[in-house]
Amino acid sequence: MKLTLRHATKRFDDKILFKQCSFTIPSGSFVAIKGKSGAGKSTLLNCLALIEPLTSGQLLFDETDVTMLSWSKKSRLYRQDISFIVQDFGLMPNETVMENLIIALRYERLSAKKCKQRCLAVLCKVNLADTLLDEPIFRLSGGEQQRVAIARCLLRQPRLLFADEPINALDRDNAADIMRLLQAINASGCTVVLVTHDDTYDNCYDDVIYL
Ligand SMILES: Nc1ncnc2c1ncn2[C@@H]1O[C@H](COP(=O)(O)OP(=O)(O)OP(=O)(O)O)[C@@H](O)[C@H]1O
């Protein structure tokens, strides 16, 4: 899915984070948002992901202006096309891996057996062992938790994936693995937009948006 921002401004009270900002993220591209701390990177990502409204301007998904969509149409887009990985993984720490994963399948009418099969298949894709399915999240390492968060996104087969600092809390090896996974998701046709401070993977991106 292609994203187009036109003359977009975002302001909190008298603080302007970006003004008259315009760019296009082509369908299937892998784009990073960078800038100083507090520049508004997460806010821009949230605006692109329809979590936060723009103060003014337009946001288009392909050729559709999504700025003024009703809440129900936005939530349909969320169910069908968008996944978002939040900074602290967004998992329920006391619930098992399976319980965290099946949230992504709640709108599909699947038998318990089919749900489990789908969960096991995505765990395999993110290189996690089947045996982790019944483990509570708090027993997993940071890298494993991030893989579960990505596995949950994969269950939904999104056309747009947003990730806020997905490798921030990880060591170098885990960060490299997570970046490889995001690249694989992107290679399957999903547009990926992430916020990062890290310069290590600059050669992986099709484009970098600086705030
Ligand atoms: N809901 C809000 N209401 C008021 N101000 C906000 C809100 N959300 C963010 N801000 C402010 O907007 C500014 C930009 O925040 P944002 O988190 O987007 O920056 P960032 O570039 O992602 O920062 P960092 O790199 O430190 O995570 C900050 O000063 C923040 O306090």
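**Group meeting: two sheets, one helix and a ligand**

Okay, let's start at the ligand: by class, its shell has three nonpolar residues, six polar ones and one charged one. Keep in mind that we're looking at a predicted model. So who's in that shell? The residues around the ligand are Phe12, Leu17, Gly35, Ser37, Gly38, Ala39, Gly40, Lys41, Ser42 and Thr43. And which element gives the most to it? That's helix 1, with three residues. Hold on to helix 1, we'll meet it again.

Let me zoom out for a second. The chain has six helices and nine strands. Its radius of gyration is 17 Å, close to the 17 Å that the globule rule gives for 211 residues, so the chain is as compact as a globular protein of that length. If you box up the C-alpha atoms along the principal axes, you get roughly 50 × 40 × 30 Å.

Now the sheets. One is an open sheet of five strands, ordered 6-7-8-3-9, and the pairing is parallel. Which strands stand at the edges? Strand 6, residues 82-85, and strand 9, residues 207-210; each has a single partner strand, so one side of each is left without a neighbour in the sheet. On average, neighbouring strands here are turned by 15° against each other, ignoring direction.

Have a look at strand 7, residues 160-164, and strand 8, residues 191-195: they pair in the parallel sense over five bridges. If you want a spot to click on, Ala163 stands opposite Leu194 in strand 8.

What packs on this sheet? Helix 1, residues 41-48, does, and it touches strand 3 (30-34), strand 7 and strand 8. The direction of helix 1 makes about 155° with that of strand 8. Helix 5, residues 142-156, packs on the sheet as well, touching strand 6 and strand 7, and its direction makes about 175° with that of strand 6.

While we're on helix 5, it also packs with helix 6, residues 172-187, at an angle of about 10° and with the axes 10 Å apart. That makes helix 5 roughly parallel to helix 6. On the helix 5 side, the contact is made by Gly142, Gly143, Gln146, Ile150 and Leu154. Helix 6 brings Asn174, Asp177, Ile178, Leu181 and Ile185. By class, the residues of that contact split into five nonpolar, four polar and one charged.

On to the other sheet. This one is open too, with four strands in the order 2-1-4-5 and antiparallel pairing. Strand 2 (15-25) and strand 5 (64-65) are at the edges, each with a single partner strand, so one side of each has no neighbour in the sheet.

Strand 1, residues 3-12, pairs with strand 4, residues 56-61, in the antiparallel sense over five bridges. Within that pair, Thr9 has Ser56 of strand 4 as its bridge partner. And here's helix 1 again: it packs on this sheet, touching strand 1, strand 2 and strand 4, with its direction at about 130° to that of strand 1.

Strand 1 also pairs with strand 2, antiparallel, over seven bridges. There, Leu5 has Phe23 of strand 2 as its bridge partner. How many residues sit between the strands in that hairpin? Two, and Asp13 in the hairpin takes a positive phi near 50°.

So, to wrap up with helix 1: it packs on the five-strand sheet, it packs on the four-strand sheet, and it gives the most residues to the shell around the ligand. That's it from me, thanks!

How values were computed: Residues numbered from 1 in each chain as written. Predicted model: local features only at pLDDT ≥ 70, side-chain atom pairs only at ≥ 80, totals over all residues. Pairing = 2+ DSSP bridges. Axes fitted to C-alpha atoms, helices over the stretch in contact; angles between N-to-C directions. Contact = placed C-beta atoms within 7 Å. Near = placed C-beta within 6 Å. Nonpolar A, V, L, I, M, F, W, Y, C, P; charged D, E, K, R; others polar. Parallel < 35°, antiparallel > 145°, perpendicular 65-115°, else oblique. Rg over C-alpha atoms; globule rule 2.2 N^0.38 Å.
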